[in-house]
Amino acid sequence: MPQMRTCAASVIVVLVLVWLAVLSCYDIRERRLPNLLTLPGAGVILLAGAVAGRGLPALGGAAALTVVYLLVHLVAPAALGAGDVKLAIGLGGLAGCFGVEVWFLAALAAPLLTALWGVVTRLFGGAGAAASVPHGPSMCVATAGAAGLALLG
């Protein structure tokens, strides 16, 4: 039975990583995150959290990150798109499943990664190169990294 749980956990990890990769590639290419990718994924993450007995931490993480992103979007809509707000539901829920420390790491790392990406793009791509850097990929990498550290620890 433990081998079956390990196999199921591995499949879940792979599916989440595929979802994050598809979201990141789409955002890099199209500069938007469609509802078709963000919302069903968020629902699955929250449902999986509930099934795993981590429903309240998942909901708390989703709500907290979504509120933060929504406030930024309302203050500066050009800086953070609505797709990022909707992505925050699933990623906040995913990070919340692993605890407050993982949630904070993911929440803080995402804007830092986006800023780093913008600086590097500006330095090596010219003055106009960093005019628009998508934030979704940084959100995905930060959450995957934080969750991965929790799984390894």
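His73 is buried, with a relative accessible area of 18%, which puts it under the 20% cut-off for that class. Please keep in mind that this is a predicted model. The points below start from His73, move on to the packing of α4 against α6, and finish with the largest pocket and the second largest pocket.

**His73 and its surroundings**
- You will find His73 in helix α3, which covers residues 55-75.
- Leaving aside residues up to four places away in sequence, His73 touches Leu80, Gly81, Ala82 and Val85.

**How α4 and α6 pack**
- Two packed helices are described by the angle between their axes and the distance between the axes.
- Helix α4 spans residues 82-97 and helix α6 spans residues 136-152; they pack at an angle of about 0°, and their axes lie 10 Å apart.
- The two helices α4 and α6 are therefore roughly parallel to each other, since angles under 35 degrees count as roughly parallel.
- On the α4 side, the contact is made by Asp84, Leu87, Ala88, Leu91, Leu94 and Ala95. Their partners in α6 are Gly136, Met139, Cys140 and Thr143.
- Sorted by class, the residues of this contact between α4 and α6 comprise seven nonpolar, two polar and one charged.

**The largest pocket**
- Rolling a probe the size of a water molecule over the atoms shows where empty space is left.
- The largest pocket holds about 800 Å³ of space.
- Its lining is made of 23 residues, and those closest to the centre are Ile12, Val13, Val16, Ala48 and Leu94.
- Leu94 also belongs to the α4 side of the contact with α6.
- Four helices each give at least two residues to the lining of the largest pocket: α1 (2-30), α2 (35-51), α4 and α6.
- Helix α1 supplies the largest share of this lining, with eight residues.
- By class, the lining of the largest pocket counts 19 nonpolar, three polar and one charged residues.

**The second largest pocket**
- About 220 Å³ of space lies in the second largest pocket.
- Here 16 residues form the lining, with Ala79, Gly81, Asp84, Pro134 and His135 closest to the centre.
- Two of these names have come up already: Gly81 is touched by His73, and Asp84 in α4 takes part in the contact with α6.
- The largest share of the lining of the second largest pocket, three residues, is provided by α4.
- In terms of class, this lining has eight nonpolar, four polar and four charged residues.

Terms used. Residues are numbered from 1 along each chain as its sequence is written. This is a predicted model: local features need pLDDT of at least 70, side-chain atom pairs count only at pLDDT 80 or more; totals for chains, interfaces and linings use all residues. Side-chain values use heavy atoms; hydrogens and water are left out. Axes are lines fitted to C-alpha atoms, for helices over the stretch in contact, and angles run from 0 to 180 degrees between N-to-C directions. Angles under 35 degrees count as roughly parallel, over 145 as roughly antiparallel, 65 to 115 as roughly perpendicular and the rest as oblique. Contact means heavy atoms within 4.5 Å. Ala, Val, Leu, Ile, Met, Phe, Trp, Tyr, Cys and Pro count as nonpolar, Asp, Glu, Lys and Arg as charged, and the others, Gly among them, as polar. On a 1 Å grid over the protein atoms alone, a cavity is a set of points where a 1.4 Å probe fits but cannot get out, and a pocket is an open set with protein on both sides within 12 Å along at least five of seven lines; lining residues have an atom within 4 Å of a point. Grid points are joined across faces, edges and corners, and a volume is the space filled by probe spheres set on the points. Buried means under 20% relative accessible area, exposed over 50%, partly exposed in between (1.4 Å probe, protein chains only).
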